[in-house]
Amino acid sequence: MLERIRIVLIGTSHPGNIGATARAMHNMGLGDLALVSPRCEPLTSESISRASGADHIVHAARVVETLEEAVADCTLAVGASARSRTLPWPMITPRALGERLPTELAGPESRVALVFGREDSGLSNAELQRCHAHVHIPTNPDFSSLNLAAAVQVLAYECRLAWLAAAGAEAEQEEEPHQPLASHQELEHYFAHLERTLIAIGFHDPALPRQLMARLRRFTLRARPERMELNILRGMLTATEKCAAGRPSADEGAASPPDEKGNDDKA
(Lines give C-alpha, C1' and ligand atoms only; values in the text may rest on other atoms or scores of the structure.)
Protein backbone atom coordinates (compact mmCIF):
# COMPACT_ATOMS: atom_id res chain seq x y z
CA MET A 1 0.00 0.00 0.00
CA LEU A 2 2.74 2.45 0.94
CA GLU A 3 4.49 1.93 -2.39
CA ARG A 4 1.46 3.39 -4.19
CA ILE A 5 1.40 6.65 -2.23
CA ARG A 6 3.17 9.54 -3.96
CA ILE A 7 4.35 12.74 -2.31
CA VAL A 8 4.14 15.70 -4.72
CA LEU A 9 5.95 18.95 -3.95
CA ILE A 10 5.11 22.00 -6.08
CA GLY A 11 7.51 24.89 -6.60
CA THR A 12 9.85 24.00 -3.72
CA SER A 13 12.41 26.78 -3.25
CA HIS A 14 14.86 25.24 -0.74
CA PRO A 15 16.81 22.04 -1.49
CA GLY A 16 17.00 21.35 2.25
CA ASN A 17 13.23 20.95 2.32
CA ILE A 18 13.44 18.35 -0.44
CA GLY A 19 16.02 16.39 1.53
CA ALA A 20 14.05 16.69 4.78
CA THR A 21 10.91 15.53 2.96
CA ALA A 22 12.79 12.46 1.68
CA ARG A 23 13.85 11.68 5.25
CA ALA A 24 10.26 12.03 6.52
CA MET A 25 9.04 9.73 3.75
CA HIS A 26 11.68 7.06 4.37
CA ASN A 27 10.92 7.13 8.11
CA MET A 28 7.36 6.03 7.32
CA GLY A 29 8.08 3.66 4.45
CA LEU A 30 7.19 5.92 1.52
CA GLY A 31 9.47 6.19 -1.48
CA ASP A 32 7.66 7.85 -4.41
CA LEU A 33 8.55 11.55 -4.68
CA ALA A 34 7.58 13.91 -7.53
CA LEU A 35 8.79 17.50 -7.84
CA VAL A 36 6.71 19.94 -9.89
CA SER A 37 8.68 22.89 -11.30
CA PRO A 38 11.07 23.20 -8.34
CA ARG A 39 12.50 26.68 -7.86
CA CYS A 40 15.84 25.25 -6.75
CA GLU A 41 18.26 22.53 -7.79
CA PRO A 42 16.85 19.37 -6.14
CA LEU A 43 20.10 17.44 -5.94
CA THR A 44 22.59 19.43 -3.86
CA SER A 45 24.88 18.81 -0.92
CA GLU A 46 22.24 20.40 1.34
CA SER A 47 19.41 18.17 0.13
CA ILE A 48 21.60 15.07 0.50
CA SER A 49 22.70 16.15 3.99
CA ARG A 50 19.13 16.87 5.14
CA ALA A 51 17.98 13.50 3.76
CA SER A 52 20.16 11.83 6.43
CA GLY A 53 20.39 8.48 4.70
CA ALA A 54 17.28 8.79 2.54
CA ASP A 55 19.16 10.39 -0.36
CA HIS A 56 18.13 7.52 -2.65
CA ILE A 57 14.66 9.09 -2.65
CA VAL A 58 16.12 12.45 -3.72
CA HIS A 59 18.11 10.77 -6.49
CA ALA A 60 15.02 8.89 -7.71
CA ALA A 61 12.64 11.87 -7.48
CA ARG A 62 10.79 12.57 -10.72
CA VAL A 63 10.91 16.22 -11.86
CA VAL A 64 7.99 17.37 -14.03
CA GLU A 65 6.62 20.70 -15.24
CA THR A 66 2.98 20.47 -14.19
CA LEU A 67 0.78 19.00 -11.48
CA GLU A 68 -1.14 17.10 -14.17
CA GLU A 69 2.03 15.22 -15.12
CA ALA A 70 2.78 14.40 -11.50
CA VAL A 71 -0.63 12.87 -10.76
CA ALA A 72 -1.71 11.63 -14.20
CA ASP A 73 -1.86 7.97 -13.13
CA CYS A 74 -3.35 8.66 -9.68
CA THR A 75 -6.92 7.76 -8.74
CA LEU A 76 -6.98 10.06 -5.71
CA ALA A 77 -5.21 13.40 -5.32
CA VAL A 78 -5.38 15.19 -1.96
CA GLY A 79 -4.08 18.74 -1.58
CA ALA A 80 -2.65 19.95 1.73
CA SER A 81 -4.28 23.30 2.49
CA ALA A 82 -5.88 25.31 5.28
CA ARG A 83 -9.01 25.65 3.13
CA SER A 84 -10.12 26.55 -0.39
CA ARG A 85 -10.12 30.31 -0.90
CA THR A 86 -13.02 30.69 -3.34
CA LEU A 87 -15.14 27.56 -3.61
CA PRO A 88 -15.64 25.09 -0.73
CA TRP A 89 -14.11 21.67 -1.45
CA PRO A 90 -14.31 18.40 0.51
CA MET A 91 -12.05 18.85 3.57
CA ILE A 92 -10.72 15.95 5.63
CA THR A 93 -8.37 15.52 8.59
CA PRO A 94 -5.08 13.60 8.37
CA ARG A 95 -6.60 10.78 10.46
CA ALA A 96 -9.64 10.52 8.17
CA LEU A 97 -7.30 10.47 5.17
CA GLY A 98 -5.35 7.57 6.67
CA GLU A 99 -8.53 5.63 7.36
CA ARG A 100 -9.57 5.98 3.71
CA LEU A 101 -6.31 4.66 2.28
CA PRO A 102 -6.91 0.89 2.54
CA THR A 103 -10.12 1.26 0.54
CA GLU A 104 -8.63 3.79 -1.89
CA LEU A 105 -5.66 1.52 -2.60
CA ALA A 106 -7.56 -1.78 -2.72
CA GLY A 107 -7.22 -2.07 -6.49
CA PRO A 108 -3.85 -2.92 -8.04
CA GLU A 109 -4.02 0.11 -10.37
CA SER A 110 -4.89 2.59 -7.61
CA ARG A 111 -2.49 5.40 -6.78
CA VAL A 112 -2.79 8.19 -4.20
CA ALA A 113 -1.01 11.54 -4.47
CA LEU A 114 -0.51 13.83 -1.47
CA VAL A 115 0.13 17.29 -2.90
CA PHE A 116 2.02 20.05 -1.06
CA GLY A 117 2.47 23.64 -2.22
CA ARG A 118 5.18 26.25 -2.12
CA GLU A 119 6.82 27.22 1.16
CA ASP A 120 5.74 30.85 0.83
CA SER A 121 2.28 30.62 -0.76
CA GLY A 122 1.05 27.02 -0.67
CA LEU A 123 -1.16 25.69 -3.45
CA SER A 124 -2.96 27.96 -5.91
CA ASN A 125 -6.74 27.79 -6.30
CA ALA A 126 -6.31 26.14 -9.70
CA GLU A 127 -4.07 23.46 -8.18
CA LEU A 128 -6.49 22.89 -5.29
CA GLN A 129 -9.33 22.42 -7.76
CA ARG A 130 -7.43 19.58 -9.40
CA CYS A 131 -7.52 17.59 -6.16
CA HIS A 132 -10.39 15.32 -5.12
CA ALA A 133 -10.19 16.60 -1.54
CA HIS A 134 -8.16 18.86 0.73
CA VAL A 135 -6.49 17.79 3.95
CA HIS A 136 -6.00 20.23 6.81
CA ILE A 137 -3.60 19.63 9.70
CA PRO A 138 -5.31 21.09 12.81
CA THR A 139 -2.43 23.11 14.19
CA ASN A 140 -2.42 25.76 16.92
CA PRO A 141 -4.37 28.67 15.37
CA ASP A 142 -2.02 31.12 17.10
CA PHE A 143 1.00 29.54 15.39
CA SER A 144 -0.24 27.51 12.46
CA SER A 145 2.69 27.67 10.02
CA LEU A 146 4.29 24.26 9.47
CA ASN A 147 7.62 23.52 7.84
CA LEU A 148 7.09 21.68 4.56
CA ALA A 149 8.84 18.50 5.70
CA ALA A 150 6.96 18.59 9.01
CA ALA A 151 3.65 18.66 7.15
CA VAL A 152 4.78 15.73 5.01
CA GLN A 153 5.83 13.88 8.18
CA VAL A 154 2.36 14.26 9.73
CA LEU A 155 0.55 12.85 6.70
CA ALA A 156 3.16 10.14 6.11
CA TYR A 157 2.71 9.03 9.72
CA GLU A 158 -1.04 8.69 9.23
CA CYS A 159 -0.38 6.67 6.08
CA ARG A 160 1.85 4.30 8.03
CA LEU A 161 -0.69 3.90 10.83
CA ALA A 162 -3.31 2.96 8.24
CA TRP A 163 -0.93 0.45 6.64
CA LEU A 164 -0.13 -1.15 10.00
CA ALA A 165 -3.83 -1.44 10.81
CA ALA A 166 -4.61 -3.00 7.42
CA ALA A 167 -1.66 -5.40 7.68
CA GLY A 168 -2.87 -6.64 11.06
CA ALA A 169 -6.49 -7.16 9.99
CA GLU A 170 -7.84 -10.54 8.93
CA ALA A 171 -8.59 -10.60 5.17
CA GLU A 172 -11.23 -13.35 5.12
CA GLN A 173 -13.97 -11.84 3.00
CA GLU A 174 -13.84 -12.06 -0.75
CA GLU A 175 -14.39 -8.71 -2.38
CA GLU A 176 -16.36 -7.97 -5.50
CA PRO A 177 -14.36 -7.81 -8.73
CA HIS A 178 -12.42 -4.57 -8.71
CA GLN A 179 -13.54 -1.84 -11.08
CA PRO A 180 -10.64 0.59 -11.65
CA LEU A 181 -11.31 4.23 -10.87
CA ALA A 182 -10.71 6.86 -13.51
CA SER A 183 -7.19 8.27 -13.38
CA HIS A 184 -6.43 11.97 -13.00
CA GLN A 185 -5.40 12.18 -16.66
CA GLU A 186 -8.65 10.54 -17.80
CA LEU A 187 -10.65 12.95 -15.66
CA GLU A 188 -8.85 15.96 -17.14
CA HIS A 189 -9.62 14.74 -20.67
CA TYR A 190 -13.26 14.36 -19.62
CA PHE A 191 -13.44 17.91 -18.19
CA ALA A 192 -11.99 19.32 -21.42
CA HIS A 193 -14.52 17.30 -23.45
CA LEU A 194 -17.37 18.40 -21.16
CA GLU A 195 -16.50 22.10 -21.47
CA ARG A 196 -16.19 21.84 -25.25
CA THR A 197 -19.61 20.20 -25.49
CA LEU A 198 -21.32 22.70 -23.18
CA ILE A 199 -19.95 25.54 -25.27
CA ALA A 200 -21.16 23.84 -28.47
CA ILE A 201 -24.75 23.55 -27.23
CA GLY A 202 -24.79 27.10 -25.86
CA PHE A 203 -25.04 26.15 -22.19
CA HIS A 204 -21.62 27.51 -21.19
CA ASP A 205 -20.17 30.89 -22.11
CA PRO A 206 -16.41 31.06 -21.35
CA ALA A 207 -16.71 34.86 -21.19
CA LEU A 208 -19.22 34.53 -18.32
CA PRO A 209 -18.20 31.26 -16.63
CA ARG A 210 -19.95 31.85 -13.25
CA GLN A 211 -17.75 29.05 -11.81
CA LEU A 212 -19.78 26.53 -13.83
CA MET A 213 -16.83 24.31 -14.72
CA ALA A 214 -15.41 24.53 -11.20
CA ARG A 215 -18.74 23.38 -9.77
CA LEU A 216 -19.05 20.54 -12.30
CA ARG A 217 -15.45 19.56 -11.53
CA ARG A 218 -16.21 19.48 -7.79
CA PHE A 219 -19.35 17.40 -8.38
CA THR A 220 -17.53 14.87 -10.58
CA LEU A 221 -14.49 14.51 -8.34
CA ARG A 222 -16.75 13.96 -5.34
CA ALA A 223 -18.50 11.13 -7.21
CA ARG A 224 -15.18 9.25 -7.82
CA PRO A 225 -16.28 7.74 -11.18
CA GLU A 226 -14.94 4.42 -12.39
CA ARG A 227 -13.14 4.29 -15.73
CA MET A 228 -16.10 2.56 -17.39
CA GLU A 229 -18.51 5.18 -16.01
CA LEU A 230 -16.32 7.96 -17.37
CA ASN A 231 -16.24 6.26 -20.78
CA ILE A 232 -20.06 6.20 -20.77
CA LEU A 233 -20.19 9.91 -19.94
CA ARG A 234 -17.74 10.73 -22.72
CA GLY A 235 -19.82 8.64 -25.14
CA MET A 236 -22.86 10.72 -24.20
CA LEU A 237 -20.87 13.91 -24.81
CA THR A 238 -19.77 12.69 -28.23
CA ALA A 239 -23.38 11.90 -29.16
CA THR A 240 -24.44 15.33 -27.92
CA GLU A 241 -21.75 17.00 -30.06
CA LYS A 242 -23.00 15.14 -33.13
CA CYS A 243 -26.57 16.28 -32.49
CA ALA A 244 -25.42 19.85 -31.88
CA ALA A 245 -23.52 19.88 -35.16
CA GLY A 246 -26.79 19.44 -37.03
CA ARG A 247 -28.43 22.50 -35.45
CA PRO A 248 -28.05 26.22 -36.36
CA SER A 249 -24.98 27.71 -34.71
CA ALA A 250 -27.12 30.20 -32.74
CA ASP A 251 -29.82 28.18 -31.00
CA GLU A 252 -32.15 30.63 -29.31
CA GLY A 253 -33.78 27.77 -27.44
CA ALA A 254 -30.57 26.60 -25.79
CA ALA A 255 -30.61 26.55 -22.02
CA SER A 256 -28.27 28.78 -20.09
CA PRO A 257 -26.71 28.02 -16.71
CA PRO A 258 -28.21 29.63 -13.60
CA ASP A 259 -26.48 32.59 -12.04
CA GLU A 260 -24.74 32.49 -8.64
CA LYS A 261 -28.10 32.86 -6.84
CA GLY A 262 -29.60 29.92 -8.70
CA ASN A 263 -31.75 32.11 -10.98
CA ASP A 264 -32.11 31.42 -14.68
CA ASP A 265 -30.87 34.19 -17.00
CA LYS A 266 -33.93 33.88 -19.22
CA ALA A 267 -37.21 35.47 -18.14
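Contact means heavy atoms within 4.5 Å. The model is predicted: local features need pLDDT of at least 70, side-chain atom pairs count only at pLDDT 80 or more, and totals for chains, interfaces and linings use all residues. Residues are numbered from 1 along each chain as its sequence is written, and side-chain values use heavy atoms, with hydrogens and water left out.

**View 1. Thr 21 in helix α1.** Helices are DSSP runs (H or I, at least four residues), numbered from the N terminus. Thr 21 has 0% relative accessibility, so Thr 21 counts as buried (under 20% relative accessible area; exposed is over 50%, partly exposed in between; 1.4 Å probe, protein chains only). Leaving out residues up to four places away in sequence, Thr 21 touches Ile 7, Leu 9, Leu 33, Leu 148, Ala 149 and Val 152.

**View 2. Arg 23 in helix α1, residues 15-27.** Arg 23 counts as partly exposed because its relative accessibility is 43%. Beyond neighbours within four places in sequence, Arg 23 contacts Arg 50, Ala 51, Ser 52 and Ala 54. Val 152 is 129 residues from Arg 23 along the chain, yet their C-alpha atoms are 9.9 Å apart.

**View 3. A nonpolar surface patch with Leu 161.** Tyr 157, Leu 161, Trp 163 and Leu 164 make this patch of about 340 Å². Patch residues have over 30% relative accessible area and no salt bridge; nonpolar side chains (Val, Leu, Ile, Met, Phe, Trp, Tyr) are joined within 5 Å, like charges within 9 Å. A salt bridge is a side-chain nitrogen of Lys or Arg within 4 Å of a carboxyl oxygen of Asp or Glu. Accessible areas come from the Shrake-Rupley method with a 1.4 Å probe; for residues, only the protein chains shown count as cover. Leu 161 sits in helix α7 (residues 148-168). Its relative accessible area is 31%, so Leu 161 is partly exposed.

Key. Helix = DSSP H or I, 4+ residues; strand = E, 2+ residues; numbered from the N terminus.
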